[in-house]
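Me: Please take a close look at the ligand site in this model. I would also like an account of the cavities and pockets.

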Amino acid sequence: MLWQKGFCAAVALGLVTAGTQAAAFESQTWRFGLEEIEGSVQYEYAARFAELMDEKTDGAVSVELYPYGQLGGLTDIYDAAQSGAIQLAFGSGFLGGTVPESQIFSLNFVLTDDEWTNTQILNSDEFLLSDDFQEAFRNRDLHPIAVVPEGWQVWSANQEIRTPEDMSGLAIRTMDNRLLRETYQAYGADPVTVEYGELYSALQLGQAEGNIQPVFAHEEMAFYEVQDYLIFANHAQFIATFMGNRDWWDGLDDDLKDVVHEARQELVEYIHDKQQQLNTDRLETIKDEGSTEIVELSDEERQAFAEKAEPVRDVFVDMVGERGERMLENLLNLVEEHR
Ligand code: 6CS
């Protein structure tokens with residue numbers, strides 16, 4: 001069953017009162033590596049998580065945030081989480097090399113057209129707590145705690161894109177995973193991989209001709225300044241997984257694990273509202289600046305991309321095997337139930 005908005009937070013708050021009354025927690029510091037800079041969706045999530053942990057443990061648990069750049073590049077963050085050098089991290093597109101099954105979030109035209117419905121499906125017990133999803137991370141020394149959609153992915157380019165033909169040969173930058181490269185090749189593009197922190201100059205110098213980000217990132221990383229068009233196809237949401245080091249997680253007291261689960265439940269609605277607000281506000285900033293053309297694809301135009309994206313589901317299954325196949329089947333069934 002999907003939650004009504006407001007209901008999940010209320011339930012979680014009820015649990016908080018019951019869950020934290022008796023427990024006294026040992027003083028500890030958790031380091032949290034982010035793939036994004038201060039002011040981003042991941043930063044807002046982590047900052048609220050830190051506040052909640054502080055409140056719920058009477059100050060015993062302190063969460064330190066390490067925004068993008070402080071721990072090195074993206075894969076350095078995942079390495080640090082796998083080794084236990086940091087306890088917590090976000091992982092999204094670049095995580096495909098570490099947790100191949102996480103590329104399920106890179107598939108296009110799989111979820112519904114409603115962001116709140118998708119957020120609930122991805123955080124439901126049936127998906128998040130399924131053995132297959134949990135094992136995909138746990139077999140790589142990580143433990144998935146929550147799934148965080150950060151807004152619709154939006155293309156940018158120096159030309160209008162309405163059809164796959166318009167994308168032909170475009171050196172569009174994708175995050176480093178095979179699924180994304182296969183998807184954009186299926187659209188006819190010629191994808192290139194660039195680290196997040198090097199992307200502005202790659203776009204400026206023409207080494208990359210197009211980009212794929214949620215609006216807040218196009219704005220806060222200033223990518224839109226070196227691209228002429230923002231193109232809304234609502235083909236996928238940007239999705240990150242909030243995860244911990246597996247052995248660290250397994251070593252936590254059950255009371256503390258319960259507190260983390262209470263926090264993650266409260267954060268489902270909090271971050272959904274926050275990401276929508278950030279993406280809406282930052283689109284206004286881009287529009288006010290006045291140098292970017294906004295293009296919205298019609299349902300018919302989207303359909304042409306959806307048809308090309310469908311066979312890439314088989315690539316995902318070939319790449320990640322039976323566990324991935326079951327994960328995709330599970331996700332498609334949940335989407336079908338809630339569409
Ligand atoms: O495109 C990227 O590499 C990055 N974009 C966002 C919005 N978050 C993290 C990710 O690595």
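Reply: The ligand site is described below, followed by the cavities and then the pockets.

This is a predicted model, in which local features need pLDDT of at least 70 and side-chain atom pairs count only at pLDDT 80 or more, while totals for chains, interfaces and linings use all residues. Residues are numbered from 1 along each chain as its sequence is written, and side-chain values use heavy atoms, with hydrogens and water left out.

The shell around the ligand consists of Glu-35, Glu-36, Leu-74, Ser-92, Phe-94, Arg-173, Met-175, Tyr-196, Gln-213, Pro-214, Ala-217 and Phe-238; a residue is near a molecule if one of its heavy atoms lies within 4 Å of it. By class, seven of these shell residues are nonpolar, two are polar and three are charged. Here Ala, Val, Leu, Ile, Met, Phe, Trp, Tyr, Cys and Pro count as nonpolar, Asp, Glu, Lys and Arg as charged, and the others, Gly among them, as polar.

Several side chains of the shell pair with polar atoms of the ligand. Glu-36 places a side-chain N or O atom 2.7 Å from a ligand nitrogen. For Arg-173, the distance from a side-chain N or O atom to a ligand oxygen is 2.7 Å. Gln-213 has a polar side-chain atom 2.9 Å from an oxygen of the ligand. On its own the ligand exposes 300 Å², and the protein buries 100% of that area (accessible areas come from the Shrake-Rupley method with a 1.4 Å probe).

The ligand sits in the second largest cavity, meaning that more than half of its atoms lie within 2 Å of the grid points of that cavity. Cavities and pockets are found on a 1 Å grid over the protein atoms alone: a cavity is a set of points where a 1.4 Å probe fits but cannot get out, a pocket is an open set with protein on both sides within 12 Å along at least five of seven lines, and lining residues have an atom within 4 Å of a point. Grid points are joined across faces, edges and corners, and a volume is the space filled by probe spheres set on the points. The second largest cavity holds about 110 Å³ of space. Its lining includes Glu-36, Arg-173 and Gln-213, and divides into six nonpolar, two polar and three charged residues.

Across the whole structure there are three cavities of 30 Å³ or more. The largest cavity contains about 200 Å³. Its lining has 23 residues, with Phe-105, Ser-106, Gln-153, Met-175 and Leu-180 nearest its centre. Two or more lining residues come from each of β6 (173-174), α7 (178-186) and β10 (237-245); helices (H or I, at least four residues) and strands (E, at least two) are DSSP runs, numbered from the N terminus. The largest share, four residues, is from β10. By class, this lining has eight nonpolar, 14 polar and one charged residues.

The largest pocket has a volume of about 430 Å³. Among its 29 lining residues, Asn-108, Phe-109, Val-110, Leu-111 and Arg-313 lie nearest the centre. At least two residues each are supplied by β10, α12 (299-309) and α13 (312-338), and α12 gives the most, with six. The lining of the largest pocket comprises 14 nonpolar, seven polar and eight charged residues.

The second largest pocket, at about 290 Å³, is lined by 16 residues, of which Trp-152, Val-154, Val-215, Phe-232 and Asn-234 are closest to its centre. Both β4 (142-152) and α11 (254-289) supply at least two lining residues, with α11 giving the most, five. This lining has seven nonpolar, six polar and three charged residues.

How values were computed: Polar contact = N/O pair within 3.5 Å; in protein donor to acceptor, adjacent residues only side chain to side chain.
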